[in-house]
Amino acid sequence: MVATTQAVATVDLLRWMPLIPLLASLINMFFGARLGRKTAGGLACAAVLASFAIALYVFWLLPATGMFRDTVYTWIESGSFQVKLSFQVDALTAVMLLVVTGIGFLIHIYSLGYMGHDEGMVRFFVYLNLFIFFMLLLVMGDNLLVLFIGWEGVGLCSYLLIGFWYHDHANTIAGNKAFIVNRIGDFGFVLGILLLITELGRQGIWTLNFMELQQHVNLLSPEKITLITLLLFVGAAGKSAQIPLFVWLPDAMAGPTPVSALIHAATMVTAGAYMTARLHFLFVLAPETLSLIATIGAATAFFAATVALTQTDIKRVLAYSTVSQLGYMFVAIGIGAFSAAIFHLFTHAFFKACLFLGSGSVIHALDGEQDMRKMGGLKAYLPTTYWTYVIATLAIAGAPFTAGFFSKDSIIWQAYSSPLGSTELWFIGWVTAGLTAFYMFRQLFLVFHGECRADEHVKAHIHESPAVMTVPLVVLAAGSIFAGWLGAPEYLWGSLWDQWLQPIFGGVHEAAHGSLTDEINLTLLTLAIGGLGFLFAYFAYGRASKLPDRLASLAGGGPYRLLLHKYYIDELYDVLIVRPFTYCSRWLAQVFDPGVIDGLVNGVAKAARGFSLIWREVQTGNVQHYLAGFLAATLALLAYFLKQQ
Amino acid sequence: MVPLEYYLILSAVIFAIGVIGVLVRRNLIVVLMSIELMLNAVNLTFIAFSRYLGSMQGQVIVFFVMAVAAAEAVIGLAIVISVFRHRRSLDPQEMQLLKW
Amino acid sequence: MDASVILFYVISVLLVLSSLMVVFLRNVIHCALALVAALFLIAILFVMLHAPMMGVLQVLVYAGAIMVLFLFVIMFLNPTAPEPRRKLWWGFGSLAALLLAASLAALLSNGEAPADPVAATETFGSPETLAKSLFTDFVLPFEITSVLLLVAIIGAVVLAKREP
């Protein structure tokens with residue numbers, strides 16, 4: 001079962017991890033123009049490096065069962081309900097910290113090169129540091145409310161960064177879409193938080209602190225827990241782009257590539273998985289929610305992979321791939337394998353960031369070209385980019401002994417064997433793995449192999465990226481291989497990872513069915529379908545072939561168009577939701593508000609005026625009329641006195 | 001002896017007649033005269049009470065009422081003259097400037 | 001039947017008649033003269049009520065000074081336009097006044113005051129007694145009244161004088 005963390009030490013250092021990037025962000029905001037682009041960028045990178053250093057130090061200090069806490073001040077105090085702005089670091093948070101600050105640092109360095117000639121570079125680093133601040137708040141918060149502040153903050157930074165090149169209207173629309181869809185998720189999230197507070201409050205406990213929540217979770221009835229977890233999952237679905245709230249992530253590719261790498265691959269989108277892992281003690285008590293999460297995760301993984309098969313924009317493929325991999329994480333959560341989910345989060349951060357930065361390198365080399373149909377043959381021009389891309393692709397496809405192999409396999413195996421898993425879940429995960437291998441290698445071949453199909457004037461300028469961009473690529477590629485070695489299955493050298501997270505999640509579930517032989521067999525099956533995907537991609541795209549066109553025109557081209565247009569989901573949402581909503585809004589703004597609301601207010605004034613127009617006629621100016629009134633009143637008084645007698 | 005009530009009822013009647021004049025007549029001077037009539041009715045009441053209660057205070061009050069009535073009649077007529085000079089009319093119903 | 005009671009009835013009938021004449025006659029001068037008669041009759045009532053000083057003052061000040069002033073002003077202004085009369089307004093006014101008189105009479109005749117007057121002393125209502133009250137108990141209102149009369153004089157002069 002879940003082990004309670006005993007040793008809680010107070011470490012004042014914790015607050016500096018988010019504070020230093022915040023300070024750097026503020027300094028760049030106010031003085032960035034004066035500092036100049038180079039200094040501002042350097043300051044931003046140094047700030048994240050400082051946070052990474054502190055994270056490493058804290059990680060080194062942290063005992064396996066321990067927790068560090070740093071309380072800054074008491075924020076809300078209302079009767080017995082207290083919320084402190086307080087940070088905690090346990091084993092789970094430590095891992096997230098390393099990912100956020102470490103990969104964040106690498107991406108900051110990369111951005112020095114990628115955004116080096118952009119005139120908004122300073123603003124970029126302001127937003128990026130701000131994002132690191134909020135993300136750290138999210139993972140280090142010791143209660144749901146601080147987590148939520150970080151949650152909202154990263155949403156804000158995502159919006160700011162997606163619409164970074166705001167002169168192009170399409171980018172701002174994408175930013176809006178991301179923010180609004182996120183908001184829908186946040187609505188569910190807030191309802192979940194409120195329900196949690198009130199339900200626990202009914203039992204006399206008023207808190208949102210994670211440790212206290214974990215202690216008192218059995219005070220809640222199962223129906224309430226199911227409802228709360230469902231609402232919280234709505235929030236996670238919004239932030240982590242699961243069905244039905246995933247539509248913002250592909251559009252978010254409008255932002256600069258480092259943003260896509262950091263926010264929409266490695267960190268922000270994983271916040272949903274982190275949140276559910278953090279509240280695992282709540283979710284394990286709601287089996288219906290968990291099965292829903294697993295189903296949605298599996299569906300998302302599969303459908304996103306199918307859409308990725310047909311996309312032609314290099315970043316779009318990676319975006320759908322991210323959605324698909326996030327689906328895997330939620331499948332793991334849904335079957336109670338929280339440790340595996342976080343492990344996949346960890347490895348995915350490495351290879352997805354590597355892939356995105358690599359694509360950024362390609363786009364940079366091709367002067368902004370993102371259409372893969374206009375690429376090809378870049379292997380010769382961009383060697384470092386090519387080889388890191390190969391390694392990352394192998395990792396995501398699950399090639400043996402790469403990071404993706406261990407993490408994905410762990411999920412697929414537990415989907416089969418866990419008491420909450422099922423053969424159906426395994427099957428979908430298995431097929432998706434094959435699809436993943438196919439579309440990733442399709443991308444590799446289209447971009448780097450064959451003839452270079454770029455325009456002439458672009459071809460003339462193709463150059464490898466500077467060191468400041470390629471060094472992070474190499475580091476991330478190394479991570480894509482070795483990061484996974486932390487979580488090998490039992491029949492190899494065992495999982496250091498599971499051991500590390502054991503105090504939080506408890507041990508890995510005993511396999512309900514399936515033995516060691518089954519595990520090895522399924523691993524081989526997964527490798528097989530991955531290999532199949534690779535071969536298929538090779539024959540279709542690795543050599544000049546008519547296969548892609550023949551596939552596209554299969555069954556009259558209908559399925560191909562369906563996938564190319566992402567199942568027309570955006571159009572569906574537009575018709576079902578956006579249009580009625582804007583119609584209602586317009587009606588409210590142009591008819592209801594001026595007519596009824598203003599009418600009501602003006603009506604009061606009009607009524608008052610009307611009355612006064614009538615009443616003022618009493619003042620005729622004629623003294624004798626006034627005296628008549630006097631007399632009438634006097635008579636009334638006299639009558640009253642007479643009555644009294 | 002005449003009972004006190006007779007004097008009081010007489011005063012009331014005179015007062016009411018004065019009220020008609022103030023209310024209904026459309027000549028400012030007659031209105032002022034009706035006011036004097038009303039004041040006199042009140043004076044009568046005071047003197048009657050003074051006699052029947054044996055106190056001089058009633059008569060003293062009447063003294064002052066007379067003085068004030070004199071002053072009021074003087075000012076009232078001065079205003080009437082002033083108004084007549086401007087409007088050539090003594091009809092109170094034609095002096096309606098202070099209306100809505 | 002006492003002589004004073006008969007006198008009282010006669011005076012009161014005449015008084016009511018002259019008051020009605022004040023209110024209902026068309027010619028202003030006639031109204032003024034009716035008012036003089038009414039004031040005179042009230043002075044007689046005063047004397048009957050053992051207030052001879054007040055009765056004399058009534059004749060001197062009211063009938064003598066104030067009514068003369070009224071007549072002066074009437075003749076000075078010489079209004080010739082006939083006054084318009086509306087039956088409805090007159091009817092309403094008369095009715096209201098009737099009601100007023102009736103209710104006042106009803107209220108005032110509840111019989112709480114003593115039916116017979118207190119025995120009159122020799123000096124009741126004489127100038128000495130009046131003067132004694134005025135200059136001892138009521139000296140302040142007396143002085144203020146003199147200021148009031150001064151103000152009235154100045155005000156009248158200012159209001160009525162011809163614009164230069």
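These notebook entries record what I looked up in the structure, chain by chain and interface by interface. The model is predicted, and I read every value below as computed from it.

**Entry 1: chain A overall**

I began with chain A and its secondary structure. I noted 26 helices and three strands in chain A. I then looked up the extent of the C-alpha trace of chain A, which spans about 115 × 60 × 60 Å along its principal axes. Chain A has 645 residues, and buried residues make up 55% of them. I also checked how far apart in sequence the contacting residues of chain A lie. Among contacts between residues at least 6 apart in sequence, 80% join residues at least 24 apart.

**Entry 2: Leu279(A)**

I next turned to a single residue of chain A. Where is Leu279(A) found? I located Leu279(A) in the loop between helix 11 (271-278) and helix 12 (280-283) of chain A. Is Leu279(A) buried or exposed? Leu279(A) counts as buried because its relative accessibility is 0%, and the cut-off for buried is under 20%.

I then listed the neighbours of this residue. Leaving out residues up to four places away in sequence, Leu279(A) touches Leu144(A), Phe210(A), Leu213(A) and Leu232(A). I also looked up Gln214(A), which is 65 residues from Leu279(A) along the chain. The C-alpha atoms of Leu279(A) and Gln214(A) are separated by 8.2 Å.

**Entry 3: chain A against chain C**

I moved on to the interface of chain A and chain C. Here nine residues of chain A are in contact with ten residues of chain C. The two chains bury about 820 Å² between them, and carbon and sulfur atoms give 83% of that area. Which three residues supply more than any other three of the area that chain A buries against chain C? I found Leu635(A), Leu638(A) and Leu642(A), which together supply 49% of it.

I searched this interface for salt bridges and the count was zero. The search for residue pairs in polar contact, both at pLDDT 80 or more, also gave zero between chain A and chain C. On the side of chain A that touches chain C, I recorded six nonpolar residues, three polar and no charged.

**Entry 4: chain B against chain C**

I repeated the look-up for chain B and chain C. In this interface 69 residues of chain B are in contact with 82 residues of chain C. The area buried between chain B and chain C is about 7,000 Å², with 80% of it on carbon and sulfur atoms. Arg25(B), Met33(B) and Arg51(B) supply 11% of the area that chain B buries against chain C, more than any other three residues.

How many salt bridges are there between chain B and chain C? I counted zero salt bridges, whereas eight residue pairs are in polar contact, with both residues at pLDDT 80 or more.

I then asked which helices take part. Helix 1 (4-24), helix 2 (28-53) and helix 3 (57-87) of chain B each supply at least two residues of the side that touches chain C. The largest share, 23 residues, comes from helix 3 of chain B. By residue class, this side of chain B divides into 51 nonpolar, eleven polar and seven charged residues.

**Entry 5: helix 1 of chain B**

I closed with helix 1 of chain B, which has 21 residues. From its first C-alpha to its last, helix 1 reaches 31 Å, close to the 30 Å expected at 1.5 Å a residue. I also checked its exposure: helix 1 of chain B is mostly covered, with 17 of its 21 residues buried.

Conventions: Residues numbered from 1 in each chain as written. Chains lettered and ligands numbered in written order. Predicted model: local features only at pLDDT ≥ 70, side-chain atom pairs only at ≥ 80, totals over all residues. Heavy atoms only, no water. Contact = heavy atoms within 4.5 Å. Buried area = accessible area lost by both parts, 1.4 Å probe. Salt bridge = Lys/Arg side-chain N within 4 Å of Asp/Glu carboxyl O. Polar contact = N/O pair within 3.5 Å; in protein donor to acceptor, adjacent residues only side chain to side chain. Helix = DSSP H or I, 4+ residues; strand = E, 2+ residues; numbered from the N terminus. Nonpolar A, V, L, I, M, F, W, Y, C, P; charged D, E, K, R; others polar. Expected span 1.5 Å × (residues − 1). Buried < 20%, exposed > 50% of the residue type's maximum accessible area, 1.4 Å probe, protein only.
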